[in-house]
Amino acid sequence: MSQSIRGPYPTTRMRRVRRHEWSRRLVAENRLCVSDLIWPVFVFEGKGRQPIPSLPGVDRLGTDQIARMADSAVRLGIPAIALFPATPIELKTEDAAEALNQDNLVCRTVRSVKKHVGDSLGVICDVALDPYSSHGHDGLVRDGYVVNDETIEMLCQQAIVQATAGCDIIAPSDMMDGRIGAIRKALDYGGFHDVQIMAYAAKYASAFYGPFRDAVGSAGNLGTASKSTYQQDPAQSDEAIQEVALDLAEGADSVMVKPGMPYLDIVHRVKATFGVPTFAYQVSGEYAMLSAAAQNGWLDRKRVVLESLLGFKRAGADGVLTYFAEEVAQWLVE
Ligand SMILES: NCc1[nH]cc(CCC(=O)O)c1CC(=O)O
Ligand SMILES: [Mg+2]
């Protein structure tokens with residue numbers, strides 16, 4: 001080839017650093033590690049394990065499975081679990097009174113985890129009424145509307161009940177206005193000033209929550225009703241920033257964006273705007289999608305899961321709540 005027809009070759013060759021595995025590792029800007037994972041755990045009243053058909057591979061755990069689960073989390077180095085109770089149908093009522101029972105399933109589970117592993121594992125509890133309400137809504141319903149302030153009174157009591165059981169992080173997922181400030185005050189007056197609040201600050205009214213509602217048994221209660229009068233409209237972006245600003249001003253220690261993959265733009269904006277501990281929730285529908293495709297042999301389970309979680313890190317999340325947590329932790333420590 002003659003010199004004259006050779007074009008000007010690029011001085012910058014992006015491919016140079018990609019050539020070898022050691023080099024790709026060396027320049028990697030983001031990394032996923034076990035410390036990034038929050039493990040959601042469904043519990044039920046009874047013994048053994050119950051499969052959840054729309055969450056293949058995820059089981060509800062009976063009371064006799066709790067110690068083993070907590071041991072596994074500690075052994076793998078998972079920093080925290082998030083507990084979700086499947087409340088027996090006969091305990092669900094219009095006023096969700098079971099939420100305030102000091103001996104309800106979630107409180108007993110918290111106590112048994114704490115008794116078993118103490119402070120080597122953080123325990124997160126959702127604050128919202130949907131696992132306990134006969135209508136499946138996160139708040140109290142008056143004349144067909146989920147009422148804000150009256151719900152908050154109950155959420156404050158629910159937070160105290162959970163903190164008393166030993167919960168380390170209270171995670172309000174209800175989207176009532178002003179609940180973070182009220183819960184912070186209630187916790188402080190109750191002597192729980194060291195209990196953290198992880199606010200589900202930007203939580204969207206999403207169809208991706210379907211399998212979760214199967215898991216906690218609230219799908220049948222909610223029926224075709226929607227949560228759009230309190231959860232955010234998927235069209236909104238600036239609104240998420242305002243939600244986060246309010247929750248931080250009210251005393252949230254960390255914030256959560258939910259769902260995850262379709263909302264990575266929100267994760268990024270929140271982290272870039274506030275620079276506070278920011279978490280993302282890879283919700284049940286996201287787990288179901290990836291699992292189903294992998295089960296069909298259409299996607300490589302391990303590779304898509306790791307890629308999806310790295311995506312959260314790249315977007316700015318400090319950690320991810322994911323149903324893949326235990327499995328991923330096993331891969332990462334191998
Ligand atoms: N307070 C309810 C709650 N807490 C976590 C989820 C969904 C999580 C998931 O889909 O994995 C929901 C469902 C909802 O808002 O209806
Ligand atoms: Mg809010």
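1. Let's start with Pro259. In this predicted model, Pro259 sits in the loop that runs between strand 10 (254–258) and helix 9 (264–274). The peptide bond leading into it, from Lys258 to Pro259, is cis, and its omega is near -5 degrees.

2. Next, have a look at Ala96. This residue is found in the loop between strand 4 (80–86) and helix 3 (105–117). Its phi is near 50 degrees, which is a positive value in a residue other than glycine. Ala96 counts as buried because 26 other C-beta atoms lie within 10 Å, and the cut-off for buried is 20 or more.

3. Asp143 also deserves a glance. Phi of Asp143 is near 50 degrees, again positive in a residue other than glycine. Asp143 belongs to the loop between strand 6 (141–142) and strand 7 (145–146). Is Asp143 buried or exposed? Asp143 is exposed, since it has 5 other C-beta atoms within 10 Å, and a residue with 12 or fewer is called exposed.

4. Finally, the surroundings of ligand 1. Which residues are around ligand 1? They are Asp126, Ala128, Asp130, Asp138, Ser173, Tyr209, Phe212, Arg213, Lys227, Val283 and Ser284. By character, this shell divides into five charged, four nonpolar and two polar residues. The charged ones include Asp126, Asp130, Asp138, Arg213 and Lys227, while Ala128, Tyr209, Phe212 and Val283 are among the nonpolar ones. Ser173 and Ser284 count as polar.

Conventions:
Residues numbered from 1 in each chain as written. Chains lettered and ligands numbered in written order. Predicted model: local features only at pLDDT ≥ 70, side-chain atom pairs only at ≥ 80, totals over all residues. Near = placed C-beta within 6 Å. Helix = DSSP H or I, 4+ residues; strand = E, 2+ residues; numbered from the N terminus.
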